[in-house]
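Grab a coffee and load up the model for a few short exercises. Try each task yourself before reading the worked solution.

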Amino acid sequence: MASSLPSLPHVPGTDASSCILDAFRIAIAKRVSDALPPLTLDQAYVGVDYGKKGVDFTVALPRFRLPGKPDKLAAKVVSSFQPDDFVASITHDKQFLHFQLNNANLIREVLNQIHTLTYDNPTGKPSYGTNTSGAGKKVVIEFSSPNIAKSFHVGHLRSTIIGAFLVNLYKACGWDVTSLNYLGDWGTQFGMIAVGFEKYGSQEELQKDAIKHLYDVYVKVSRDAESDPNVKVEAAQFFKRMEDGDESALVNWRVWRELSVKKYIEEYDRLNVSFDRYTGESEVGKEWQDKALEQLDRLGLITDANGAKLVDLEKWKMGKAVLRKADGTSIYLTRDIAGAIERYERYQFDKMIYVVASQQDLHLSQFFKILHLMGFPWANRLEHVNYGLVLGMSTRKGTAVFLDQIIKEASSVMHEQMRRNEDKYNAIEDPEMVSQEVGITGIKIQDMAAKRINNYTFNWDRMLSFEGDTGPYLQYAHVRLTSMERKNPELLPLPPPSQIDTSSLAESTHARDIAILLGSYPDVVKTAMKTQEPSGVVTFAFRLSHAISSAWETLVVKGEKDLDKARARLWLYICARDVLGAAMRLLSIRPLERM
């Protein structure tokens, strides 16, 4: 349904058809620029910020650097003020002007836009909160990257969660996204496993759970290597045969890799994560690895250290980096360089993102610098999205750090909690799935709630609580909103938006608070794109959940005798559910309907 607001001049970078608050901001900017020449509309628009403490929007006058005192400037804007379709009132407070919007129009326009973009979108997909800022651009996002033959360790969890969020975020901003899982499927450890498999391997155990079995073999053979130095020598020789393309050395490795990927796909599916392509260090061709060495040698950047090849980056304060071992085998820096070149040739990307822990900051800096020195014009399109560590993540007994055990434990605790309410429990079709989903939501939200660069300490009690800002609380808020339609069947189906009278909502501060939050969601997505941070989306989801929780007692639907009021309130809650669900899906969380 099209907006019924008066038309306004256009400001670059705005789109009221996908973010209705843009229209209200332009109306405020127009008032300010009209009253304060030579300030232009575009300059004034940049100064319109979200307000605090119950104020919709605020303009800080000193930021415009206009001649004259803020009081006099403010008086010019206030003196000519008349309420209109956009703004109900202006108040002057020291250096600030505070603007309250026209509540009736704000609420109606926000709900209309959410409904239209969720249910009447030509693509058939809900699109509220999305934008087209990345249209025509390609991004490749590499994340997760576990090591084959090692169980999915919690150390890879952050990369997986943040990477999945970035994939969803870039898609929401119109980019063409390719997600890659670059597996650690090459290197001397495979020589170790091959040597160990002859002694400890079992085809039966391999078929049952390849990752677990290969990990057990690796642990046993590593123990042997501690007391027998020949084990490592044998392993290095075996890996050299793999690097040289010896088919007899590769045959088992291929089976292990395939079985491991199959197992990973199941693990990722539980986490609501998928990849366009599973690639790995083994797929990087030797051609560019050799060329990289030659090119850097020509530039005078290669030094020899006992047969190993090093690249000297001291003048950029990045030390010296090994590019090839003395025995001629490659190292992961060489493979990263060659891999990036091959990816550019394949995808012609506008940006490539590596989601890797901050411990690898130096490695990524060296890697990007080398590509820059090699003269690739696209080297400045590479980006490292880094993050801090998860501390203390283990089962409650403190034993393991494998993700499947953490998920199992979180699920079983949730299952026990759900069983406490027998009626609700019996209404759930698949309690196992629901308890697992709530557990995974708890893990993900605890991870994404703070700035990604910060380390955080994993806390079981906080993760599993339905109180405060936790994953289970968010799922509960969504379930409660979803239940509104089930509990009020007599109001369904709702009439078309044009026939729902929302005027009663304008009298409620709760409805206004919810509406302005719902209207701000497209901005939350744009800000996340600038910061590459999931924490802002998590904060938004909690703020919305709290605003709805505060409204339940006063904006009652069940038992409201005035049907117009009841329908308007139900519509508000349905729109809130749709936006909360969109925010959760952006965070790679599956919103539940019952729990």
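**Exercise 1: The chain as a whole**

Task: work out what share of the contacts with a separation of 6 or more comes from residues 24 or more positions apart.

Solution. In this predicted model, residues 24 or more positions apart make up 72% of the chain's contacts with a separation of 6 or more. For a concrete pair, take Leu157 and Val390: they sit 233 residues apart along the chain, yet their C-alpha atoms are separated by 8.9 Å. Leu157 belongs to helix α5 (residues 157–172). Its relative accessible area is 0%, so Leu157 is buried. Zooming out, 55% of the 595 residues count as buried, and the chain holds 21 helices and 14 strands. Its C-alpha trace spans about 85 × 65 × 40 Å along the principal axes.

**Exercise 2: A salt bridge inside a helix**

Task: find out which helix holds both Lys30 and Asp34, and how many residues apart they are.

Solution. Start with the pairing: the two side chains meet in a salt bridge, 3.0 Å from N to O, which fits the 4 Å cut-off. Next, place them: both Lys30 and Asp34 lie in helix α1 (residues 21–35), four residues apart, or about one turn of the helix. Finally, check the exposure. Lys30 has 33% relative accessibility, so it counts as partly exposed, while Asp34 reaches 52% and therefore counts as exposed.

**Exercise 3: Other bridges**

Task: is Asp244 buried or exposed?

Solution. Asp244 pairs with Lys240 in a salt bridge of 3.1 Å, N to O. With 53% relative accessibility, Asp244 counts as exposed, because the threshold is over 50%. Lys240, at 30%, is partly exposed. Now look at Glu247 and Arg254, whose closest N and O atoms are 2.5 Å apart in another salt bridge. Glu247 is partly exposed at 45%, and Arg254 is partly exposed at 40%. Salt bridges also join into a network, linking Asp22, Arg25, Asp523 and Lys526. A search of the whole structure turns up 33 salt bridges.

**Exercise 4: The positive patch**

Task: which helix supplies the largest share of the positive patch?

Solution. First, list the members: Lys424, Arg480, Arg486, Lys487 and Arg594 gather in a patch of positive charge on the surface. Then sort them by element: helix α18 (residues 471–487) gives the largest share, three residues. Arg480 is found in that helix, α18. Its relative accessible area is 31%, so Arg480 is partly exposed, and it passes the patch requirement of over 30%. For the whole chain, the mean positions of the 73 positive and 75 negative charges are 4 Å apart.

Technical notes
Residues are numbered from 1 along each chain as its sequence is written. This is a predicted model: local features need pLDDT of at least 70, side-chain atom pairs count only at pLDDT 80 or more; totals for chains, interfaces and linings use all residues. Side-chain values use heavy atoms; hydrogens and water are left out. Patches are made of residues with over 30% relative accessible area and no salt bridge: like charges are joined within 9 Å, nonpolar side chains (Val, Leu, Ile, Met, Phe, Trp, Tyr) within 5 Å. Accessible areas come from the Shrake-Rupley method with a 1.4 Å probe; for residues, only the protein chains shown count as cover. Lys and Arg count as positive and Asp and Glu as negative; His and the chain ends are not counted. The place of a charge is taken as NZ of Lys, CZ of Arg, CG of Asp or CD of Glu. Helices (H or I, at least four residues) and strands (E, at least two) are DSSP runs, numbered from the N terminus. Buried means under 20% relative accessible area, exposed over 50%, partly exposed in between (1.4 Å probe, protein chains only). Contact means heavy atoms within 4.5 Å.
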